[in-house]
Amino acid sequence: MRFPEGFLWGVATSSYQIEGAVHEDGRGESIWDRFARTPGNTLNGDTGDVACDHYHRYAEDVALMADLGYGAYRFSVAWPRIQPDGRGPANQKGLDFYRRLVARLLERGITPMVTLYHWDLPQALQEKGGWLNRDTAERFGEFAALMFDALGDAVKLWLTHNEPWCASMLGHFRGVHAPGMKDLRAGVISSHHILLSHGRAVTAYRDGNYRGQIGIAPNLLPNYPLTDSAADREATRISDGYVNRWFLDPVLKGSYPADMLAFYTQVVGPLDFIKEGDLAAMGAPVDLLGINYYRRRTIEADPTSELGFRVHDIVPGTPTTVTGSEIVPECLYDLLLWVKANYGDVPLYITENGMVRDDRIGPDGQVHDPERVDFLRRHVAAAYRAIEAGVNLRGFFAWSFMDNFEWAFGYSQRFGLVYVDYATQARIPKDSARWWGQVARRNGLDEVDVALAQQPLAADSPSSGARPMFTEREE
């Protein structure tokens with residue numbers, strides 16, 4: 001399985017999860033600093049204060065990426081490192097860190113992909129309402145312009161937001177991410193302002209005449225009804241709108257889906273925060289779409305829940321990771337074809353894909369993670385099938401380059417291709433790290449990998465019990 005020439009094979013990280021140095025060189029406080037330091041919010045009270053110390057060890061980390069053979073690195077910018085209060089002139093020491101990082105990447109032949117926002121909003125803006133305050137969208141546009149001015153000549157691939165559904169709904173409705181609110185209307189309002197800020201950033205990029213590409217990276221979850229009943233199919237339509245179409249339609253079609261406008265009006269009241277001109281701004285043309293994919297959603301109608309459905313995390317017969325997340329690579333194929341069918345031939349990048357494993361250093365001093373290798377192998381094969389079916393896929397970024405602070409789960413979950421000993425900050429490439437480098441060098445899978453990817457994951461079909469992916473649209 002040889003991928004198209006120029007296909008990008010990379011790894012991904014985010015600022016709060018790896019950088020540390022939260023009190024250095026003028027960095028301000030972020031909402032995740034505040035959230036993690038609040039007792040009860042994270043496992044064991046873990047914080048990102050030190051994390052992987054990437055702020056001081058970036059040169060070592062880039063050298064390791066190059067030695068392993070990776071062609072691209074997706075990282076995010078810590079907004080409070082650039083604007084400690086979320087507004088005003090740039091903190092030059094913060095800009096200099098990212099300039100040094102990008103320069104080192106380019107020296108080693110690694111393509112940088114920069115995400116402007118991976119959830120670490122300046123706490124100073126949160127105290128003025130955060131994403132519930134429309135003004136935050138304007139502040140984000142100004143922050144984006146500062147970054148484009150600093151790195152626009154060197155960086156050719158930009159993403160405005162990582163997983164806006166998580167930032168809005170998990171942070172403002174479910175309360176498990178910063179800022180920890182539990183109000184559905186707040187989730188909807190924050191989602192709108194995040195999407196508006198995306199539009200402001202895209203406009204700033206166009207106004208600067210930079211010679212690169214810009215897009216956004218939502219987490220997309222293919223939705224399947226548990227049964228073929230009318231109730232389950234209707235619940236699946238709402239779930240699909242809630243996690244996918246509410247975020248894709250404004251960016252790629254310049255409009256919210258009509259069914260979700262009606263649904264949200266019914267459950268949260270008037271959507272008076274949507275102002276004239278907002279959708280035109282949010283729909284500013286993008287050059288690419290990032291897709292973070294991990295699993296599917298299997299939906300059953302539940303009239304007792306706030307949204308009218310519940311999610312079955314595991315369908316019987318489906319293989320899972322150690323954390324109980326289904327392993328369903330064939331659903332990535334479904335998802336990529338669904339995006340093409342509903343949104344056209346936009347260039348796509350898989351900007352995150354990976355799994356948690358209980359990794360340990362073995363007696364030989366190495367970390368062997370055959371399950372992660374198999375997980376990635378199967379998802380790469382699914383991506384290749386999608387390309388053969390006509391999907392315009394340009395790159396694949398594994399999550400994550402190294403073990404890191406995993407949000408509310410602290411340091412209990414290891415997603416990395418590289419093992420991090422948090423006590424010593426030693427980096428130990430796992431078997432998956434070397435395998436991913438081989439895939440990058442050969443630009444695809446060899447015959448052995450192809451054969452292994454085609455073997456059944458378990459005795460039962462991985463999609464046993466699931467109905468076809470929800471595809472109906474209400475135009």
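**Reading the helices and cores**

Q: Which residues in helix H8 are buried?
A: In this predicted model, the buried residues of H8 are Pro164, Trp165, Cys166, Ala167, Ser168, Met169, Leu170, Gly171 and His172.

Q: What makes H8, residues 164–172, mostly covered?
A: A residue counts as buried when its relative accessible area is under 20%. Nine of the nine residues of H8 are buried, and the helix is therefore called mostly covered.

Q: Why is Arg74 called buried?
A: Arg74, which lies in strand E2 (residues 72–76), has a relative accessible area of 0%. The cut-off is under 20%, so Arg74 is buried.

Q: Why are H9 and H11 called oblique to each other?
A: The axes of H9 (residues 184–207) and H11 (residues 258–268) cross at roughly 140° and come within 10 Å. Roughly antiparallel needs an angle over 145 degrees, and roughly perpendicular covers 65 to 115. The angle of roughly 140° fits neither class, so the pair is oblique. As for handedness, H9 passes H11 in a left-handed crossing.

Q: Which residues of H9 and H11 meet, and how do they divide into nonpolar, polar and charged?
A: On the H9 side are Leu184, Arg185 and Val188, and they meet Tyr264, Val267 and Val268 of H11. Five of the contact residues are nonpolar, none is polar and one is charged. Arg counts as charged, so the charged residue here is Arg185.

Q: What makes Tyr264 stand out in the largest nonpolar core?
A: That core has 142 residues, and Tyr264 is among the four that touch the most other members, along with Trp158, Tyr242 and Trp436. Leaving aside residues up to four places away in sequence, Tyr264 touches Met169, Val188, Tyr242, Trp246, Gly269 and Leu271. A second, separate core has 14 residues, including Leu8, Tyr294, Trp399 and Phe415.

Q: How do you know that H5 and H7 are oblique to each other?
A: H5 (residues 92–107) and H7 (residues 135–151) pack at about 45°, and their axes are 10 Å apart. Roughly parallel means under 35 degrees, and roughly perpendicular starts at 65. An angle of about 45° falls between these limits, so H5 and H7 are oblique. Their crossing is right-handed.

Q: Which residues of H5 meet H7, and how many of the contact residues are charged?
A: Leu95, Tyr98, Arg99 and Val102 of H5 meet Met147, Ala150 and Leu151 of H7. One contact residue is charged, six are nonpolar and none is polar. Arg counts as charged, so that one is Arg99.

Key. Residues numbered from 1 in each chain as written. Predicted model: local features only at pLDDT ≥ 70, side-chain atom pairs only at ≥ 80, totals over all residues. Heavy atoms only, no water. Axes fitted to C-alpha atoms, helices over the stretch in contact; angles between N-to-C directions. Helix = DSSP H or I, 4+ residues; strand = E, 2+ residues; numbered from the N terminus. Left-handed = near helix turned anticlockwise from the far one by under 90°. Contact = heavy atoms within 4.5 Å. Buried < 20%, exposed > 50% of the residue type's maximum accessible area, 1.4 Å probe, protein only. Core = buried A, V, L, I, M, F, W, Y, C linked by side-chain atoms within 4.5 Å.
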